[in-house]
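Hello,

Here is the structure I said I would pass on. My notes on what was found in it follow below.

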Amino acid sequence: MRILLLIIAIITFPLAAQQLHIDNTLPRLTVAGDTVDAHDGRIIRFEDTYYWYGTSYATTNGFTTANHYVVYSSPDMQSWTREGRLLPNQPEGVYYRPHVIYNAATEQYVLWYNWYPQLWDGQFGVATSPTPTGPFTIVNDDVQMFRSEVGLGDFGLFVDADSTAYISYNTIQNHQVSIERLSDDYLSSTQENGGIIAEHSEAGSQFKRDGKYYLLTDVTCCFCNYGSGARVYVSDHPTEGYTLTTNINRYPGRSALALTDGVTTGTSYETLVTNDTLPQSLVALHPRPRQTDQLTLSLFTGNRPENCGDVSNPRVHPEIGTPEFTVSYWDFDHWREVDSLRVERNGTALRQTLTMSFTPVTSTRIKLTPRPGYPFLAIYPTELSAGFAGAEDEVQVYVTGHNIPQPPVIPAQQAYVMELPTAEGTEYIWMGDLWGSASDNVKGHDYPYWSAPLEFLEDGSVLPLEWTDTWSVDTE
């Protein structure tokens with residue numbers, strides 16, 4: 001009777017899916033209590049086990065021949081077991097960026113890697129193993145690519161649903177990023193190259209979602225502790241036709257907190273320079289698309305240039321000039337000017353208010369750019385209300401323009417975008433290395449950062465990253 005009741009209970013209440021829990025505030029440890037030392041590689045699930053492939057840097061600066069490849073395994077991305085080195089007898093050189101994929105036709109696990117017999121004479125190697133933990137046997141340590149003549153650097157591997165594999169890589173010269181198809185056995189390149197997608201970039205990671213191909217890459221970082229960006233390129237073809245849509249790991253520019261602090265007296269303002277060929281702009285950013293049809297900008301007008309030494313000019317102050325602006329919104333992959341812009345101006349002794357109304361738009365970003373002809377060096381905004389429907393308190397404002405650094409959302413160098421099978425379908429996890437984060441100053445102990453699942457809109461665009469301390473998901 002007890003056995004029957006147990007069977008009924010199992011049928012009635014099926015076992016829940018395994019929950020994967022990620023904590024970005026703690027170091028990743030092995031079951032033996034050691035810090036995981038695996039960087040700039042990938043985590044990939046083969047059957048029911050996660051494998052973390054990476055470069056071990058230990059106590060070095062990362063530019064030595066002591067670098068070697070390692071793999072760790074885990075049932076849940078929390079409890080890691082060190083499985084050992086991938087290439088125990090590697091030729092002398094400097095090694096980076098290991099990626100392992102599985103070829104179902106040959107039943108072989110295939111390791112691609114970037115190595116330098118001498119810095120920076122870059123080339124690709126390929127090795128195979130019948131098991132995901134290796135050791136791997138080198139098949140070719142100088143794989144010829146379409147662009148081998150200008151040196152080979154960072155790369156990523158992607159396997160499509162039809163088992164065709166692609167490599168996205170950058171050259172040493174000018175760090176030019178392109179994608180080409182691999183041979184059917186994944187051991188060489190067909191050298192079918194789709195052309196240059198980006199320059200001065202590295203660490204490309206490719207994936208496919210809802211029929212669209214995505215490539216994430218950004219400007220060379222080189223162990224930078226401020227973090228790389230993550231420019232999102234999208235195409236309908238795996239190797240060519242990519243269009244830059246956005247950068248999900250870069251804020252537009254200098255944070256302008258004074259414009260959202262509720263102070264409008266003119267004692268606290270941002271300086272908006274207008275006298276160069278690329279005038280600075282204000283960008284109001286919201287994490288989710290919101291409809292808006294109005295902007296209200298408050299300006300401090302008391303800080304006009306002085307009249308010093310020009311005795312022929314009887315005026316003490318130059319006449320107050322009210323700037324005019326162009327209003328644009330971010331439309332998936334470019335800025336588009338709003339329609340039917342109408343401006344209402346109101347002023348006091350020290351303050352002018354411009355209320356700009358336009359045909360409603362739905363976007364995450366609204367940009368205000370001064371029109372040419374403003375007579376003074378700078379504009380002094382004191383408050384900006386973007387009018388995003390229902391969420392004004394979440395709006396952030398930035399000053400952007402020529403030579404204004406774009407700060408990172410996550411101060412990590414992109415390593416890989418992981419495809420994670422879950423109970424709700426495939427999710428995509430952005431992964432990066434937080435260089436300089438180890439409290440014991442050991443490079444091999446620097447933290448990784450694993451994002452919560454990326455969020456996509458209906459048009460396929462990707463929402464900006466957000467730092468998340470902890471997150472969980474039910475896996476399939």
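**Cavities and pocket**

Counting cavities of 30 Å³ or more gives 3 of them. Please bear in mind throughout that this is a predicted model. The largest cavity holds about 100 Å³ of space. Its lining consists of 14 residues, and those nearest the centre are Trp52, Ala415, Met431, Asp433 and Trp450. The elements that contribute two or more residues to the lining of this cavity are β2, β28, β29 (425-434) and β30 (447-450). Of these, β2 supplies the largest share, with 5 residues.

The largest pocket has about 490 Å³ of space. It is lined by 25 residues, with Arg42, Ile44, Arg45, Val159 and Glu419 lying nearest its centre. Two or more lining residues come from each of β2, β6, β10, β14 (201-209) and β28 (413-422). The largest share of the pocket lining belongs to β28, which gives 6 residues. Strands β2 and β28 therefore turn up in both lists, that of the pocket and that of the largest cavity.**Two open sheets**

Strand β2 also belongs to an open sheet of 4 strands, ordered β2-β3-β4-β5 and paired antiparallel. The edges are β2 (39-46) and β5 (81-85); each has a single partner strand, so one side of each is left without a neighbour in the sheet. On average, neighbouring strands of this sheet are turned by 20° against each other, direction ignored. Within the sheet, β4 (residues 68-74) runs antiparallel to β5 and is joined to it by 4 bridges. Tyr72 has Arg82 of β5 opposite it.

Another open sheet has 4 strands in the order β10-β11-β12-β13, again with antiparallel pairing. Its edge strands, β10 (152-159) and β13 (189-193), pair on one side only. From one strand to the next, the twist averages 30°. Strands β11 (residues 165-171) and β12 (residues 177-182) run antiparallel and are joined by 5 bridges. One residue to look at here is Asn170, whose bridge partner in β12 is Val177. The edge strand β10 is also one of the elements listed for the lining of the largest pocket.

**The β14-β15 hairpin**

Another contributor to the pocket lining is β14. This strand is mostly covered, with 7 of its 9 residues buried. It runs antiparallel to β15 (residues 212-219), and 7 bridges join the two. Ser201 has Val219 in β15 as its bridge partner. The hairpin of β14 and β15 has 2 residues between the strands, and Asp210 takes a positive phi near 50° there.

**Aromatic pairs and charges over rings**

How many aromatic pairs are there? The count comes to 38. In one of them, Tyr51 and Tyr53 are stacked, at 6.4 Å centre to centre and with 25° between the planes. Tyr51 counts as buried at 11% relative accessibility, and Tyr53 counts as buried at 0%.

The rings of Tyr95 and Trp115 have centres 5.4 Å apart and planes at 20°, so this pair is stacked too. The pair links distant parts of the chain, with Tyr95 in strand β6 (residues 94-103) and Trp115 in strand β7 (residues 108-116), 20 residues apart. Is this pair buried or exposed? Tyr95 counts as buried, because its relative accessibility is 0%. Trp115 is buried as well, with a relative accessible area of 5%.

One aromatic cluster is formed by Tyr57, Phe63, Tyr96, Tyr116, Trp120, Phe223 and Trp435. Tyr57 also has a charge over its ring: the charged end of Lys443 sits there, 5.9 Å from the ring centre. A further case is Arg209, whose charged end sits over the ring of Phe456, 4.0 Å from its centre.

**Places to start**

If you want somewhere to begin, open the largest pocket around Arg42, Ile44, Arg45, Val159 and Glu419. The largest cavity can then be found around Trp52, Ala415, Met431, Asp433 and Trp450.

Regards

Methods
Residues numbered from 1 in each chain as written. Predicted model: local features only at pLDDT ≥ 70, side-chain atom pairs only at ≥ 80, totals over all residues. Heavy atoms only, no water. Pairing = 2+ DSSP bridges. Axes fitted to C-alpha atoms, helices over the stretch in contact; angles between N-to-C directions. Phe/Tyr/Trp six-rings, centres within 6.5 Å; stacked < 30°, edge-to-face > 60°. Buried < 20%, exposed > 50% of the residue type's maximum accessible area, 1.4 Å probe, protein only. Lys NZ or Arg CZ within 6 Å of the ring centre and 35° of its normal. 1 Å grid on protein atoms, 1.4 Å probe; cavity = no way out; pocket = protein on both sides within 12 Å on 5 of 7 lines; lining within 4 Å. Points joined across faces, edges and corners; volume = space filled by probe spheres on them.
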